[in-house]
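Trainee: I would like to go through the labels used for this structure and ask what stands behind each of them.

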Amino acid sequence: MSVIPEKSINFAVYLNGRDLLGMAEGTIPALEAMTSEVKGAGVAGVIDSPVLGHFNSTTMTLKWRRVTDDFMKLYAHTTNEIELHESLQRYNSSSGEYGTDPLYVYLKAITKSSTPGNLVVGDNMDTETEFEIVYMKVFLGNKERVEMDKYNYIFKVDGKDYLATVRSDLGK
C-alpha cells in the first residue's frame, strides 16, 4: 500500500454554524447496534443479533478548557446542531509526499449533562458536556459515508439505506 493514513492534524467544532471557542477534545460518537439474542432450533448456539438499522443510546462528550458563553447556551433543553471538521494526514510512500483528507461529522445533539468544571488556580477547568445524538452524518474525503437518523428511520452506509424497506413496511 503506497498511501498510509497517519493521524489527525487538527479539528474545529461549530455550534449552529458558530465556532465553539475553547474546545479541548472530543470523541466522535460510536454507533452500537441494538441487539437481541437468537437461539433455538436451527441455530448451533447463541447469536447476539443486531436489529437492522437500530442503535443503542448514542452519546458524545465534549471537553472544554473553561466555561464560555457557548458552553452556557448548551444548558438549554433544545436540539443543537454540532459540526466537527477535521483534517487527516496521509503519507504517500511512493512519492514521499504528505497530503490531507477532510473528515466532517454533522450531528443533531441534545444536552444530557453539563459540568462547569473544577476551580483550580492556573489550570484548565475541565468543563464537559455530554450529548445524546439523534442524527449523525459523516463525510470522509468529501464523500458521504454514513447517515443515521433515529427519528426518521434512516440508516445509510455508502449510499445504501438499510431502513428503506422497514419504512415501506411501516407505511412511512
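Mentor: Start with Asp158, which forms a salt bridge with Arg145; their closest N and O atoms are 2.5 Å apart. Keep in mind that this is a predicted model.

Trainee: What makes the contact between Asp158 and Arg145 a salt bridge?

Mentor: The cut-off is 4 Å between a side-chain nitrogen of Lys or Arg and a carboxyl oxygen of Asp or Glu. The Asp158 and Arg145 atoms are 2.5 Å apart, so the pair qualifies.

Trainee: Where in the chain do the two partners lie?

Mentor: Asp158 is in the loop between strand S11 (154-157) and strand S12 (160-161), and Arg145 is in strand S10. They are 13 residues apart, and the pair links distant parts of the chain.

Trainee: Why is Asp158 called partly exposed?

Mentor: Partly exposed covers what lies between buried, under 20%, and exposed, over 50%. Asp158 has 41% relative accessibility, so it counts as partly exposed. Arg145, with a relative accessible area of 30%, is partly exposed because its value also lies between those limits.

Trainee: How do you know that Glu147 and Lys156 form a salt bridge?

Mentor: Their closest N and O atoms are 3.7 Å apart. The limit is 4 Å, so the pair counts. Salt bridges that share partners join Lys137, Glu144, Glu147 and Lys156 into one network.

Trainee: Are Glu147 and Lys156 buried or partly exposed?

Mentor: Glu147 has a relative accessible area of 8%, so it is buried. Lys156 is at 25% relative accessibility and therefore counts as partly exposed.

Trainee: What other side chain does Glu147, in strand S10, contact?

Mentor: A polar contact of 2.6 Å joins the side chains of Glu147 and Tyr135. The limit for such a contact is 3.5 Å.

Trainee: Why is Thr129 called buried?

Mentor: Thr129 has a relative accessible area of 0%, and buried means under 20%, so the label follows. This residue is in strand S9, and its side chain makes a polar contact of 3.1 Å with that of Trp64.

Trainee: What makes Asp126 eligible for a surface patch?

Mentor: A patch residue needs over 30% relative accessible area and no salt bridge. Asp126 is at 45% relative accessibility, so it passes the area cut-off. It gathers with Glu25, Asp123 and Glu128 in a patch of negative charge on the surface. Asp126 itself is found in the loop between strand S8 (97-115) and strand S9 (127-140).

Key: Residues are numbered from 1 along each chain as its sequence is written. This is a predicted model: local features need pLDDT of at least 70, side-chain atom pairs count only at pLDDT 80 or more; totals for chains, interfaces and linings use all residues. Side-chain values use heavy atoms; hydrogens and water are left out. Patches are made of residues with over 30% relative accessible area and no salt bridge: like charges are joined within 9 Å, nonpolar side chains (Val, Leu, Ile, Met, Phe, Trp, Tyr) within 5 Å. Accessible areas come from the Shrake-Rupley method with a 1.4 Å probe; for residues, only the protein chains shown count as cover. Lys and Arg count as positive and Asp and Glu as negative; His and the chain ends are not counted. The place of a charge is taken as NZ of Lys, CZ of Arg, CG of Asp or CD of Glu. Helices (H or I, at least four residues) and strands (E, at least two) are DSSP runs, numbered from the N terminus. Buried means under 20% relative accessible area, exposed over 50%, partly exposed in between (1.4 Å probe, protein chains only). A polar contact is a pair of N or O atoms within 3.5 Å; within protein, one must be able to donate a hydrogen and the other to accept it, and residues adjacent in sequence count only if both atoms are side-chain atoms.
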